[in-house]
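Thanks for coming, everyone. Please bring up the sequence and the model on your screens. I will start with empty space and then move to the sheets.

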Amino acid sequence: MAEPEAFGPVTVGPADCRYESLLRGNNFRFVGAPEEIRVLGSTAQVVRAVSDAVRSGRRVAVRSGGHCFEGFTADPAVRLLLDLSPMDAVGFDAERGAFAVQPGATLGQVYRRLFTGWGVTIPAGGCPEVGAGGHLSGGGYGPLSRRYGSVVDHLYGVEVVVADRDGNVRPVVATREPDDPNRDLWWAHTGGGGGNFGVVTRYWLRSPGATGTDPAHLLPRAPRELLVHLVSWAWDERMTEQAFSTLLRNFGTWHERNSAPGSPSAGLYAILEPTHRSAGSFQLTVRIDGDLPGADGLVADFVAAVTAGSGVTPTLAAGERMPWLHPTTWPGTGESGDVVVRRYKGKAGYLRRSFTDRQLAAIYRQLTNSTGGPTGGMLIVGYGGQVNTVDPAATAVAQRDAVMKAVYHTVWADEGDDDANLCWIREFYRAVYADTGGVPVPGEVSDGSYVNYPDVDLADPAWNTSGVPWHRLYYKDNYPRLQQVKARWDPRDVFRHALSIELPA
């Protein structure tokens, strides 16, 4: 039997019954109105679609998983939307000696295929429904990053469809090999963010220093099982500001002391999830490779360090060992939105050390005020470890001495609640960073923000009064080099959005 041909291309216009279903990404706040949606299944189809856009002068945008925090693909100026979701192959490329991943593959698909086929994995995100396309190019991270680094530290190469100054469109392969003439294009995709330089149609992954031809030794070995521990506290009269601040401060202090590369605790990954008081409770989740020496003791010591001196007793403290693939691919309840609740706003900041006392007080005020709701809150995520062994200029990810990431979020269902939720989250963020103009300006405590959690407010002088431009918050000293790459590979500025890399003046 002959092999089936590649899916597509499929062209869907506004009159098509499929149009409304394909129009939206994960965040229903944003709805575009493109003339057509092209659902594509191969690099050649992407080349033809981008050529059509360039030739006709139509604005083009690209979507793989659709989990963008902002409306980059729903900009009213976008006339042609490229949907790469059918491009979801994951396999080993023997010719390049690396694993090939297409952009439409979700992280859950990537984990399952890598583990099932070869027992390996990558230190990418914990949300299995996120598409690899945007996640990898933005410098993704996840439960194994403290142990193995950022996912882009394992990026060997990319295939990117680009448009030159004359409007010619072609696929280009760029690798990290020192003599690769296209190496700058590879570098730009090690944290430069999606939608900036072209359309990524394939990633190749192989750990630095990996040798030989056996695929099972070219990426980190996946854990056999995970020890997952959950701690929960009630938002009751015992959860005073002092108790609450102690928990957050302890969490940060532990990460200050235990996030050096090679630390015995680098395999422990924790997320503290303070929610608004109206939710009734909040929790701490801990994950660790169950086969690491003393894993149970490391978790117990960590939980004891977080709770020390707080004076509050958890309402739940339970651990469970489970096979690696189950928690890695099960969507659970952590997705931003579900069948009904599909509107959200997120903000972020890197942390070099624990929040200051003034910041902790601001967090407590915002999470106990009368304007917040049960789906608003924040995540404080463990980071550092092996991530911080890489020079800030070696990849486009410039934040290489942070020990935590903070994510601020609110989720809601009804369009009529947009203004109230946006106001709450914006005031929350501004209050936490009040001493630095409402944004996480790089300094002793903060180190800018994470481009995979894009926030257009950082470019709005109404919300960023720091005088520090948005691109420095995301890219720091790497931005001028990203502009040079932009000028070489996208001189016509075909690929752009509200926070895209700007052509140099």
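How many cavities of 30 Å³ or more does the count come to? The count comes to four. Before I go on, two housekeeping sentences. This is a predicted model, where local features need pLDDT of at least 70, side-chain atom pairs count only at pLDDT 80 or more, and totals for chains, interfaces and linings use all residues. Residues are numbered from 1 along each chain as its sequence is written, and side-chain values use heavy atoms, with hydrogens and water left out.

Now, what is a cavity? On a 1 Å grid over the protein atoms alone, a cavity is a set of points where a 1.4 Å probe fits but cannot get out. A pocket is an open set with protein on both sides within 12 Å along at least five of seven lines. Lining residues have an atom within 4 Å of a point. Grid points are joined across faces, edges and corners, and a volume is the space filled by probe spheres set on the points.

Take the largest cavity. It holds about 140 Å³ of space. Its lining has 16 residues, and the closest to the centre are Pro143, Leu144, Leu226, Arg287 and Trp324. Strand β12 gives the most to this lining, with three residues. A word on names: helices (H or I, at least four residues) and strands (E, at least two) are DSSP runs, numbered from the N terminus. By type, the lining of the largest cavity has nine nonpolar, four polar and three charged residues. Here Ala, Val, Leu, Ile, Met, Phe, Trp, Tyr, Cys and Pro count as nonpolar, Asp, Glu, Lys and Arg as charged, and the others, Gly among them, as polar.

Next, the second largest cavity. Its volume is about 70 Å³. Of its 13 lining residues, Gly191, Tyr350, Gln399, Val451 and Tyr474 are the closest to the centre. This lining has eight nonpolar residues, five polar and no charged.

What about open space? The second largest pocket has a volume of about 150 Å³. Its lining includes Thr356, Tyr433, Asp435 and Glu444. Four of the lining residues are nonpolar, five polar and two charged.

On to the sheets. One open sheet has seven strands, in the order β13-β10-β12-β11-β15-β16-β14, with antiparallel pairing. Two strands pair if DSSP finds at least two bridges between them. Why do β13 and β14 each have one side without a neighbour in the sheet? They stand at the edges, β13 at 316-323 and β14 at 343-351, each with a single partner strand, so one side of each is left free of a neighbour. From one strand to the next, the twist averages 15°. Angles run from 0 to 180 degrees between N-to-C directions, and axes are lines fitted to C-alpha atoms, for helices over the stretch in contact.

Stay inside this sheet. Strands β10 (225-234) and β12 (281-289) pair antiparallel over nine bridges. Trp233 stands opposite Phe282 in β12. Helix α8 (295-307) packs on the sheet and touches β10, β11, β12 and β13, where touching means heavy atoms within 4.5 Å. The direction of α8 makes about 150° with that of β12.

Now charges. Side chains of opposite charge can pair when their charged atoms come close. A salt bridge is a side-chain nitrogen of Lys or Arg within 4 Å of a carboxyl oxygen of Asp or Glu. The whole structure has 35 of them. One joins Glu225 and Arg321, at 2.6 Å from N to O. That pair links distant parts of the chain: Glu225 is in β10, Arg321 is in β13, and they are 96 residues apart.

The other sheet is an open one of five strands, in the order β5-β6-β9-β7-β8, again antiparallel. Strands β5 and β8 (169-175) stand at its edges with a single partner each, so each has one side without a neighbour in the sheet. Neighbouring strands here are turned by 25° against each other on average, direction ignored. Six bridges join β7 (155-163) to β9 (199-205). Val160 stands opposite Val200 in β9. At the β5 end, β5 and β6 form a hairpin with four residues between them. Gly97, in that turn, has a positive phi of about 65°.

Last, two backbone details. A cis peptide bond joins Gly8 and Pro9, with omega about 0°. Lys476 is not a glycine, yet its phi is positive, near 50°. Find Lys476 in the loop between α12 (470-475) and α13 (479-489).
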